[in-house]
Amino acid sequence: MNFKTAFSRGTLPIIRKMYLKLLIAVLFCSTLFAFTTENDDRFVFFLHNKFLETHELNELHPKYGRTEYREVISEFEKSGLKVISEKRNKNVNTREYAVRVVNQIDSLIKKGVKPEKITVIGTSKGGYIAQIVSTLTNNPDLNFIFIACFRDNDIKDFPQINYCGNILTIYEKSDPFGVSAIERKKTSSCEIKNFKEIELNTGMGHGFFFRPLKEWIKPAIEWANGNYDVK
């Protein structure tokens with residue numbers, strides 16, 4: 001296939017997409033290494049839900065509306081937390097992406113950031129990625145917040161997940177993913193110094209985390225700041 005034919009068959013849009021993905025990855029890594037590591041710096045890795053993987057930031061979920069990704073990040077940043085996040089590409093592999101986050105956490109620790117000042121927050125699919133990060137890092141000093149990402153059959157369906165770290169789970173009573181993860185804690189072999197669960201009752205189903213509601217944002221910020229006695 002000659003050069004002209006290749007571009008006439010749609011190669012140019014593909015190359016543009018590849019370039020865009022590479023640019024996003026470079027910017028993400030640049031953001032990570034641009035952070036200073038002052039003694040009081042606290043870092044948050046925010047992992048968003050699956051809907052954003054296949055839709056643009058301004059697109060509306062048919063039931064829950066727009067995912068207010070930037071607004072959520074803004075709330076964390078206004079509290080003084082340094083946020084590391086990106087809009088993931090469509091349908092990423094959870095384990096592969098978790099390994100990326102693990103490597104980024106390792107890089108921060110090597111730069112002198114204490115594990116207890118690093119928090120991984122995930123909503124829905126992002127929460128499942130965060131659970132794998134918790135398993136792979138196997139570090140009891142890291143902080144994790146799992147939001148709307150546990151069902152009773154997860155124990156059987158995902159037996160490889162092993163909670164490790166200071167764990168906060170937040171779930172909504174009207175959400176199909178809104179159940180206690182205490183059974184996962186029981187099956188986990190790693191030390192869990194602090195474990196807390198918060199059940200919400202907003203009536204918003206699986207869409208409660210689409211917005212930066214104080215009901216989940218406030219305890220998440222407190223947990224990331226080392227307050228393990230959140231209400």
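This report walks through the internal cavities of a predicted model, then through helix α5 and strand β6.

## The largest cavity

Let's start with the empty space inside. The model holds two cavities of 30 Å³ or more, and the largest has a volume of about 50 Å³. Its lining is made up of 13 residues. If you want to find the spot on screen, look for Phe 146, Phe 150, Thr 169, Ile 170 and Val 179, which lie nearest the centre of this cavity.

Two strands stand out in the lining: β6 (143-147) and β7 (166-172) each supply at least two residues. The largest share, three residues, belongs to β7. In chemical terms, the lining of the largest cavity has 11 nonpolar residues, along with one polar and one charged.

## The second largest cavity

The second largest cavity has a volume of about 40 Å³. Around this space you will find Phe 46, His 48, Asn 49, Thr 67, Tyr 69, Val 72, Thr 123 and Phe 209. That lining divides into four nonpolar and four polar residues, with no charged ones.

## Helix α5

Next comes helix α5, which covers residues 125-137. With 13 residues at 1.5 Å each, α5 should span 18 Å, and its end C-alpha atoms are indeed 18 Å apart, so expectation and model agree. Just after the helix sits Asn 138, with a positive phi near 50 degrees.

How much of α5 is buried? The count is 12 of the 13 residues, so the helix is largely enclosed by the rest of the structure. Among the buried residues are Lys 125, Gly 126 and Gly 127 at one end, and Ser 134, Thr 135 and Thr 137 also belong to the buried set. The cover over the buried residues of α5 includes the strands β1 (43-47), β5 (118-123), β6 and β7, as well as the helices α4 (94-110) and α6 (154-157).

## Strand β6

Strand β6 has already appeared twice, as a contributor to the lining of the largest cavity and as part of the cover over α5. Five of its five residues are buried, so β6 too is largely enclosed by the rest of the structure. Asn 143, Ile 145 and Ile 147 point one way from the strand, while Phe 144 and Phe 146 point the other way. Phe 146 is also one of the residues nearest the centre of the largest cavity.

Which way do β5 and β6 run relative to each other? They run parallel, joined by five bridges. Within this pairing, Ile 121 stands opposite Ile 145 of β6.

Notes: Residues are numbered from 1 along each chain as its sequence is written. This is a predicted model: local features need pLDDT of at least 70, side-chain atom pairs count only at pLDDT 80 or more; totals for chains, interfaces and linings use all residues. Side-chain values use heavy atoms; hydrogens and water are left out. On a 1 Å grid over the protein atoms alone, a cavity is a set of points where a 1.4 Å probe fits but cannot get out, and a pocket is an open set with protein on both sides within 12 Å along at least five of seven lines; lining residues have an atom within 4 Å of a point. Grid points are joined across faces, edges and corners, and a volume is the space filled by probe spheres set on the points. Helices (H or I, at least four residues) and strands (E, at least two) are DSSP runs, numbered from the N terminus. Ala, Val, Leu, Ile, Met, Phe, Trp, Tyr, Cys and Pro count as nonpolar, Asp, Glu, Lys and Arg as charged, and the others, Gly among them, as polar. The expected span of a helix is 1.5 Å times one less than its number of residues. Buried means under 20% relative accessible area, exposed over 50%, partly exposed in between (1.4 Å probe, protein chains only). Contact means heavy atoms within 4.5 Å. Two strands pair if DSSP finds at least two bridges between them.
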